[in-house]
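Hi,

Here is the model I promised to send over. Have a look at it first, and then read my notes underneath.

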Amino acid sequence: MLESSQTNLYKLLWEYDPNALIAIDRHLVIRLVNPSFCQLFKIENEQIIGKPVTEILGDIRHIKEAWDKKQVIKNRETEYITHNIIVKEFIFPIPEENFILCIMTDITSEILQQKELKEMQEEMISKVNKVVHNQMKVAQEIAGLLGETTAETKVTLFKLLALFNK
């Protein structure tokens, strides 16, 4: 009875996990995905089970490397360009079961917000630089005019003093 309730709990966790979950066999064929994976990649479960993972994910060198080296990969940011998504991946090879499990957290909106913020910052810096440049230009023009009028005033004052000293 306890084993059955644990199995049900695992199924519920799999079904309701907000992260995209995928199980791939050692031949890199998709064996299991959860609803969040299907939603993220906009695909039906039946369309991808039994298919090579490359049909959905494209370049999977990092997944192959995790399998070959029997190494866990944590927090790897991966962009799946054909699906317009960016995910943070946790890849766990399980050699004794001949499976690779991958947990994907969608960070697309966060990355896009960061890019937008950076673009806004760069645009603001450019505008500030332009304003400062224009102010310096105007200040130099004003200084030049002040210098000219000061020189003219000095010449006039010397002429006036020369008249009084005669």
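Below is what I found, going from the strands to the cysteines, the core and one loop residue.

Just keep in mind that this is a predicted model.

Let's start with the strands. β5 covers residues 99-106 and β1 covers residues 20-25; the two run antiparallel and are joined by six bridges. If you want a spot to click on, take Ala 20, whose bridge partner in β5 is Met 104. β5 also pairs with β4 (residues 85-94), again in the antiparallel sense, this time over eight bridges. There, Phe 90 has Ile 103 of β5 as its bridge partner. β4 and β5 make a hairpin, with four residues between the two strands. In that turn you'll find Asn 98, which has a positive phi of about 60°.

Now the cysteines, since you'll probably want to know about those. How many disulfides are there? The count comes to zero, with a disulfide taken as two cysteine sulfur atoms within 2.5 Å. Cys 38 is in no disulfide, and the nearest cysteine sulfur to it, that of Cys 102, is 14 Å away. Why is Cys 102 not bonded to Cys 38? Because its sulfur is 14 Å from that of Cys 38, the closest one, and that is too far for a bond. Are these two cysteines buried or exposed? Cys 38 is buried, at a relative accessible area of 11%, and Cys 102 is buried as well, at 2%.

On to the inside. The largest nonpolar core has 27 residues, and those touching the most other members are Ile 22, Phe 37, Phe 41, Val 53, Ile 56, Leu 57 and Met 104. At least two residues of this core come from each of β1, β2 (30-33), α2 (35-41), α4 (54-57), α5 (61-69), β3 (73-80), β4 and β5. Which element supplies the largest share? That is α2, with four residues. Leu 57 is a good one to zoom in on: leaving out residues up to four places away in sequence, Leu 57 touches Phe 37, Phe 41, Ile 63, Tyr 80 and Met 104.

Last, a loop residue. Asp 17 sits in the loop between α1 (2-16) and β1. Not counting residues up to four places away in sequence, Asp 17 touches Asn 34 and Ser 36. Asp 17 and Ile 73, for their part, are 56 residues apart in sequence, and their C-alpha atoms are 20 Å apart in space.

Cheers

Terms used
Residues numbered from 1 in each chain as written. Predicted model: local features only at pLDDT ≥ 70, side-chain atom pairs only at ≥ 80, totals over all residues. Heavy atoms only, no water. Pairing = 2+ DSSP bridges. Buried < 20%, exposed > 50% of the residue type's maximum accessible area, 1.4 Å probe, protein only. Core = buried A, V, L, I, M, F, W, Y, C linked by side-chain atoms within 4.5 Å. Contact = heavy atoms within 4.5 Å.
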